[in-house]
Amino acid sequence: MEYHQLSPFPKDRLSNRVNTMWRYQEMLPVQNLQNVVSLGEGMTPVFPLKNIGSKYGFDQLWIKDEGLNPTGSFKARGISAAVSRAKELGVQACVIPTAGNAGGAMSAYCTTAGIKSTVVMPSHTPKAFQDECRFYGSELILVDGLIDSCGEIAAQIAEETGAFNMSTLKEPYRLEGKKTMGFEIAEQMNWELPDVIVYPTGGGTGLIGIWKAFAEMVDLGWVTDTHFPRMIVVQSSNCAPMVDFINGNKAYAPYGESKANGLAVPKAFGQDLIKQVVQESKGAAIAVDEESILQSALELSREEGISISPEGGATWAGLQDLVRSGTISKNEKVLLINTGNASKYIENLL
Ligand SMILES: Cc1ncc(COP(=O)(O)O)c(C=O)c1O
């Protein structure tokens, strides 16, 4: 992928900076830092999965726990960047289609920024996701359908009311916030990137953002080794359009609901970029069934004491399949991304 050249920025300037994603402020889209809308997002821990690792014979199995972000998911990063920029641009109202987590995050960040927010969400989303939006004072519109139907309604609301449409990759700022996961992975792993990153993919902004950060780190002079991790897309076999798109077939169609609601994106707007990341990184795309997603989330939570969302569980299920097929070896340094915590999904998990 090609990105604009960045001016060199010595990474030792990062020490003593704020312990949020805004420590990378020069690489984020806000011009005046007074407009930053932050609830403490980012710098989530990266640590080895000792119990699961030794039980299954992995030498270097790691996790980044994004469930510890405000509102319980990595969505806080993209929304912090986008709401900050919206505030800077004088936006009065925002609208978002969501599978759940992004809606909760936008509700919280818009509230603190004094911006009106409208969230459009599938009606089958667990109630905790719906209540979270109401709790922060958003208008919530429930739709019978998946996130693509919500996207059409959000676009219509934006058109009719002039609200800023925060739909994935239809504005440029959420990606910038999410790329901070890539900077953090490098900084927290002492600038030695893992061999493999396993990412639960819906709309793909997280995956694309991490890859963007790696390219930027080369421009910035933060890393010299361009042997970047293989990026693994994991989806639910109930909704695996990216697995089909990357593998060039329709093995999983038609695409429906998933208990890992963040993965239920029947057509990703950024599908070409997602495919490019997988291909450039020599990664892979894999679908795992619903039962193994839920069982894997429970197993990881119970072995490690971490609150793992179904999406996070999908990464563990996907990794085991890829080890069985020989695509990943147990000696490699593997990083799972737990994109959210389990609390809002408890009705799906127990
Ligand atoms: C917990 C969780 N994981 C993963 C995803 C998918 O994220 P992305 O759009 O970056 O592929 C979502 C999106 O809703 C999510 O909420």
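## Exercises on a predicted model

Pro254 is found in the loop between α9 (241-247) and α10; helices (H or I, at least four residues) and strands (E, at least two) are DSSP runs, numbered from the N terminus. This is a predicted model, in which local features need pLDDT of at least 70 and side-chain atom pairs count only at pLDDT 80 or more, while totals for chains, interfaces and linings use all residues. Residues are numbered from 1 along each chain as its sequence is written, and side-chain values use heavy atoms, with hydrogens and water left out.

**Exercise 1.** Determine whether the peptide bond from Ala253 to Pro254 is cis or trans.

*Solution.* Take the omega angle of the bond from Ala253 to Pro254, which is near -5 degrees. The bond is cis.

**Exercise 2.** Describe the surroundings of Ser281 and Lys282 in the loop between α10 and β9.

*Solution.* Step 1: locate the loop that holds Ser281, between α10 (271-280) and β9 (284-288). Step 2: assess exposure, where buried means under 20% relative accessible area, exposed over 50%, and partly exposed in between (1.4 Å probe, protein chains only). Ser281 has a relative accessible area of 5% and is therefore buried. Lys282, at 66%, is exposed. Step 3: list contacts (heavy atoms within 4.5 Å). Beyond its neighbours within four places in sequence, Ser281 is in contact with Trp211, Pro229, Arg230 and Met231. Step 4: inspect the backbone. Lys282 is not a glycine, yet has a positive phi of about 60 degrees.

**Exercise 3.** Identify the residues that touch the most other members of the largest nonpolar core.

*Solution.* Step 1: define the core as a set of buried Ala, Val, Leu, Ile, Met, Phe, Trp, Tyr and Cys residues joined through side-chain atoms within 4.5 Å. Step 2: among its 57 residues, Val83 and Leu336 touch the most other members. Helix α3 (residues 101-113) supplies the largest share of this core, seven residues. Step 3: set this core apart from a second, separate one of 42 residues, which includes Phe9, Ala186, Val223 and Val243.

**Exercise 4.** Which residues are closest to the ligand, and how much of its accessible area does the protein cover?

*Solution.* Step 1: of the 16 residues that surround the ligand (a heavy atom within 4 Å), the closest are Lys75, Gly202, Gly204, Gly206 and Thr339. Step 2: a backbone N or O atom of Gly204 lies 2.6 Å from a ligand oxygen atom. Step 3: the protein covers 97% of the 390 Å² of accessible area (Shrake-Rupley method, 1.4 Å probe) that the ligand has on its own.

Definitions and conventions
A polar contact is a pair of N or O atoms within 3.5 Å; within protein, one must be able to donate a hydrogen and the other to accept it, and residues adjacent in sequence count only if both atoms are side-chain atoms.
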